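Please read the points below with the structure open beside them. They begin with the annotated positions and then turn to the ligand, a helix and the core.

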Amino acid sequence: KSLVVATSNPGKLEEIKAYFESLDINFLPKPPELEVEETGDTFVENACLKASDVAKATGEWAIADDSGLAIDALNGAPGIYSARYGNTDTERIERVLKELAHEENRRAHFVCAIALADPSGNIVLSSEGICPGEILQAPRGNAGFGYDPIFYLPQHQRTFAEFTPEMKHHLSHRGEAFKVFLPQFQQLWH
Ligand code: ITT
């Protein structure tokens, strides 16, 4: 039995695989030509769409992650549109910093939704996690991916891009989602 990781984002792929480290799963990559349109209104809906479509197309179990950054002063933007806020991570970060240039309220949170589909495309598990933080004035750190260099956790005095992979693994929105997801996954995956 194999599990397709239904993502085209290499940073995500690496983090997702790490959560299954002790479980000895046979992972398959998403076929590159398979692009799922994210038409849902919520993170969970989009995660379910991606998992279900990729499972049906491949005839394998599939797991998908839909995630993004919700910024209070921007009324939750970019939210589910986080990947579409620019063409590169640098462009996306610059856009956020520009939109927050004169804003004192820097509060934000990351959201991650995970969904698991069986080979027929039925959703058998889903979960969601969030991680609150703040948006810095300028990027800091080189680790991680995406918006990590501007996402700051005051209680740790570091951005996600200044965390070790292990720290991010435990503290992130993805970590929160997997805390709920993994025990249930272990129950059904033999
Ligand atoms: P797939 O849909 O193929 O999985 P994607 O990158 O398009 O890849 P999303 O639609 O879920 O994924 O968009 C997520 C966006 O939020 C994207 O710009 C990511 O870089 C960003 N993001 C998600 N998790 C993140 C994290 O842990 N750290 C920094 N940025 C993150």
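1. E37 is found in the loop that runs between β2 (26–29) and α2, and in this predicted model the residue is exposed, because just 9 other C-beta atoms lie within 10 Å of its own, where 12 or fewer is the limit for that class. The UniProt record, an unreviewed entry, lists E37 together with D66 under "binding site". These two positions span 30 residues in sequence, yet their C-alpha atoms are no more than 12.1 Å apart, so they gather at one spot.

2. D66, in contrast to the loop position, lies in strand β3, and the "active site" annotation of the unreviewed UniProt entry covers this residue. Is D66 buried or exposed? D66 is buried, because 28 other C-beta atoms lie within 10 Å, and 20 or more are required for that class. Once its neighbours within four places in sequence are left aside, D66 is in contact with F43, N46, A47, K50 and A113; of these, F43, N46, A47 and K50 are buried residues of α2.

3. The ligand is surrounded by 20 residues, and the closest of them are T7, N9, S82, A83 and G146. Strand β3 gives the most to this shell, with 4 residues, and β3 is also the strand in which D66 lies. By character, the shell divides into 9 polar, 7 charged and 4 nonpolar residues.

4. Helix α2 has 16 residues and reaches 23 Å from its first C-alpha to its last, which is close to the 22 Å expected at 1.5 Å a residue. Its buried residues include C48, L49, A51, S52, V54 and A55, and what covers the buried residues of this helix includes β1, β3, β4 and β5. After the helix comes G59, whose phi is positive, near 70 degrees.

5. Which residues have the most contacts inside the largest nonpolar core? That core has 44 residues, and the ones with the most contacts inside it are A51, A62, I63, I114 and A115. The elements that give two or more residues to it are β1 (2–5), α2 (43–58), β3 (61–71), α3 (89–99), β4 (107–117), β5 (123–135), β6 (151–153) and α5 (173–188), and the largest share, 9 residues, comes from β4. In soluble globular proteins, nonpolar side chains tend to be buried together.

6. Two of these core residues deserve a look at their surroundings. A62, leaving aside its neighbours within four places in sequence, is in contact with V4, A6, A51, V54, A55 and A117. A115 is found in strand β4 and counts as buried, because there are 29 C-beta neighbours inside 10 Å. Not counting residues up to four places away in sequence, A115 touches A47, C48, A51, A64, I123 and S126. A51 therefore appears in the contacts of both A62 and A115. A115 and I93 are 22 residues apart along the chain, and their C-alpha atoms are separated by 27 Å.

How values were computed. Residues are numbered from 1 along each chain as its sequence is written. This is a predicted model: local features need pLDDT of at least 70, side-chain atom pairs count only at pLDDT 80 or more; totals for chains, interfaces and linings use all residues. A nonpolar core is a set of buried Ala, Val, Leu, Ile, Met, Phe, Trp, Tyr and Cys residues joined through C-beta atoms within 7 Å. Two residues are in contact if their C-beta atoms, placed from the backbone, lie within 7 Å. A residue is near a molecule or strand if its C-beta atom, placed from the backbone, lies within 6 Å of it. Ala, Val, Leu, Ile, Met, Phe, Trp, Tyr, Cys and Pro count as nonpolar, Asp, Glu, Lys and Arg as charged, and the others, Gly among them, as polar. UniProt positions are given in the numbering used here, feature names are shortened, and annotations may be inferred rather than shown by experiment. The expected span of a helix is 1.5 Å times one less than its number of residues.
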